[in-house]
2 protein chains.
Amino acid sequence: MEKLNLSDPKITDIRVIDLRFPTSLQQIGSDAVNKDPDYSAAYCILETDARVEGHGLTFTLGRGTELCVSAIRYLGRLVRGRRLSSLTDDMAAFSRELTRDSQFRWLGPEKGVVHLATAALLNAVWDLYARTQKKPLWKLLADFEPEQIIRSIDFSYITDAITPGEALALLKERASCKEARLAALERHGYPAYTTSVGWFGFSDDKVRRLCREGLRQGWTHFKLKVGGDPADDLRRARLVRGEIGPTNKLMMDANQKWEVEEAIQRTNELAEVDPWWMEEPTSPDDILGHARIRREVSVRIATGEHCHNRVMFKQLMQAGAMDVCQIDSCRLAGVNENLAVLLMAAKFEIPVCPHAGGVGLCECVQHLAIFDYLCVSTSLENRVTEFVDHLHEHFVDPVRIVNGHYVLPQQPGYSTEIRSETLVTHSYPDGPVWKEIGDHARE
Amino acid sequence: MEKLNLSDPKITDIRVIDLRFPTSLQQIGSDAVNKDPDYSAAYCILETDARVEGHGLTFTLGRGTELCVSAIRYLGRLVRGRRLSSLTDDMAAFSRELTRDSQFRWLGPEKGVVHLATAALLNAVWDLYARTQKKPLWKLLADFEPEQIIRSIDFSYITDAITPGEALALLKERASCKEARLAALERHGYPAYTTSVGWFGFSDDKVRRLCREGLRQGWTHFKLKVGGDPADDLRRARLVRGEIGPTNKLMMDANQKWEVEEAIQRTNELAEVDPWWMEEPTSPDDILGHARIRREVSVRIATGEHCHNRVMFKQLMQAGAMDVCQIDSCRLAGVNENLAVLLMAAKFEIPVCPHAGGVGLCECVQHLAIFDYLCVSTSLENRVTEFVDHLHEHFVDPVRIVNGHYVLPQQPGYSTEIRSETLVTHSYPDGPVWKEIGDHARE
């Protein structure tokens, strides 16, 4: 008979939940393209034979979350009945099992619904792994030997940009003074910026009020949604610049609204208010388009939240298409693929400023940003992680922000666990929150 | 009371069916990456208030087809209850309704499961449209005024490569002598090549026998799957070259197996047998990788069957990454997005050789290739459409091949209709074919 092993539990089952929050009712999250998001998550719980669970999620905008839920259920067969160590001993091989299923792969490969589902499942495995080691995820990673990090990464299709050997050398070379960097983070936290002031659907008065509140709370970097009527964009941008003054940073996000040539023109027009970056000026798939925009404007170009895998990030870097690399903890295939992108970004000397917000993205990316600083980039220059102040109350170990910085999370795991009440109240379509909203919102 | 209108029916409902064929049992369709496909389709039928239906599908490999089925059901709400003309009067706007749903879009955008589903639905609308006009799809398109073609295309994110004005001018300039081209196609058919001889799982003897049969049937272009052990690849390639002689064309398909540098080396090694093209040497997302491979080998580079939207095709062309453009009727968003790619290919002077095989791809792409010759490329030079001889017996109007050429389809529609018996026998998981195979195949 097998005996219980608390550090290497067996995964006995996987529960998958369709969780949705009716954020569209308050225009939270509205931008030039995403008019009415209901922030949602396809959420999974790895149940084990020990007193520990793994929680993972992928972020969605409402309708269609059920597709990710179905895909996670399908992939769940690849973890059910297995010991954790059979996944974590060779994480790269395990992630390839998920991305290379010979029939499922056709639906991507490594993009869209099936990749979002892969992210949720891998995130749950990492959460479980960190919990069994009794460490927050950032510390689990930072305590790894460089070889262990490398073994977690699927290098397929990126070896022309970075080989495992190069990546290993980079990690070894940057290992010194890690304790000093950790002490600095413990003192100040990891720098963040706020997107909560400038959603598309907010009135000028509300934007003004939120800027003032933000300044009082210690924020120094503010992001504004653009991509609407040019005169409106400029008025709102001047308004924010007027409120935050000339030295604080103002970033802009067009959320993929423009054609390439339009993006060049519009970005150059908005340059008057000195944007620190222009984010997603056009299609997230348009590597060459971003490269051309970057060449023809005076503003730094940021992208990545819709960049669907490491192969696309590789090319954005090779093509000189990005100044700011915005990884997403739930669109890339979990922690593993994010590690690949962190290493490429370090090699190409591009700062990583993770995308966050939504449901749980802030909780996740803080770990990745902290690990990046401790072991990969070893720099905070031009690095800030997005923060959006919504829905954190639903998390068991929510992010904490002090003076515009993320405070280092201390609880074991990946901070992905959602409170058990919320799993009931916001489950879709049968949770009480949705029953109450009724047929109108359910559409 | 509204009256019945046979040329402009109202769509009353949409039926969606998960259809799967147990092709993995015979290693049909096996290649270096896809080891055991069960050729499948997420299939939809637009029912109307008139005596006409629209049939559309997207091709899949078995597991996961249910995700596309769910996504089509979701998108179906955008056609139910509408008159056909409300979709076809502005096809570009209608396709944007499907691709830009403000919440669903997050799951792509325009890629993966949601885009495959969009393809199935748009294909069904085009089938219905052609049936109401009593024309095969190729003729419906060829009879359009150039302005109507342009109105069918969503040019967003590609205007830096081709504007609607440029595309219109190109179509107008190439309209002359269309009748002569049609007469030539009616005489000879549209040139095709066969992939049926060289699947990965076939023995050398079987490959040899199939080559001989192919030659007897009039084939002049043969495709072989590579990407296995280098010595095996070379042995099989020499075998096929030996059978088909020095003047017939031998194409190779690596199905995304290699890293960029590996692809360069392997392709150069295989150059000895004079391949007419090397297909999918690496990740389908790797535009810059394909461009580099193309620069560093002496063999022409083909790709596209996994290219997920017009933005990716645009870049493959802009980057000089492809010699042969392999559109897919079911991965791009239906006829509309394929029209966009045909026009870009014409502008960049890249021959289009559609990907086919699977379930129904041959039936679809013949229409696109014929239209391309009649109205867009106006050339047959270096142009052949893939043909794979499986599963045609399930179609009401199957492709006909004579002497290595597709015979022009004559029945109204897009040739997408599957026989009603098949819809019952092969429905998954409850059709009798799958009941018989039982739990083993069902996993």
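Author: Copies are superposed by least squares on the C-alpha atoms of residues with pLDDT of at least 70 in both. The model is a predicted one.

Reader: By what turn can chain B be laid on chain A?

Author: Chain B fits on chain A with an RMSD of 0.0 Å, and the shift along the axis is 0.0 Å. The two copies are therefore related as by a two-fold rotation axis. The turn is 180°.

Reader: Which residue of chain B has the C-alpha nearest the axis?

Author: The C-alpha in question lies 2.3 Å from the axis. In chain B, the residue that carries it is G112(B).

Reader: What percentage of the contact residues of chain B recur in chain A?

Author: Contact here requires C-beta atoms, placed from the backbone, within 7 Å. By that cut-off, the same surface serves both copies. The share of chain B contact residues that recur in chain A is 100%.

Reader: How many Å separate the centres of domain 1 and domain 2 of chain A?

Author: In chain A, domain 1 is assigned to 11-134 + 422-442 and domain 2 to 172-415. Taken over C-alpha atoms, the centres of these two domains of chain A are separated by 23 Å.

Reader: Which element gives the largest share of the side of domain 1 of chain A that touches domain 2 of chain A?

Author: The contact takes 35 residues from domain 1 of chain A and 33 residues from domain 2 of chain A. On the domain 1 side, β2 (40-48), β3 (54-60), α3 (91-99) and α4 (112-132) of chain A each supply at least two residues. The largest share, 11 residues, comes from α4(A).

Notes. Residues are numbered from 1 along each chain as its sequence is written. Chains are lettered from A and ligands numbered from 1 in the order in which they are written. This is a predicted model: local features need pLDDT of at least 70, side-chain atom pairs count only at pLDDT 80 or more; totals for chains, interfaces and linings use all residues. Domain bounds come from an automatic or database domain assignment. Two residues are in contact if their C-beta atoms, placed from the backbone, lie within 7 Å. Helices (H or I, at least four residues) and strands (E, at least two) are DSSP runs, numbered from the N terminus.
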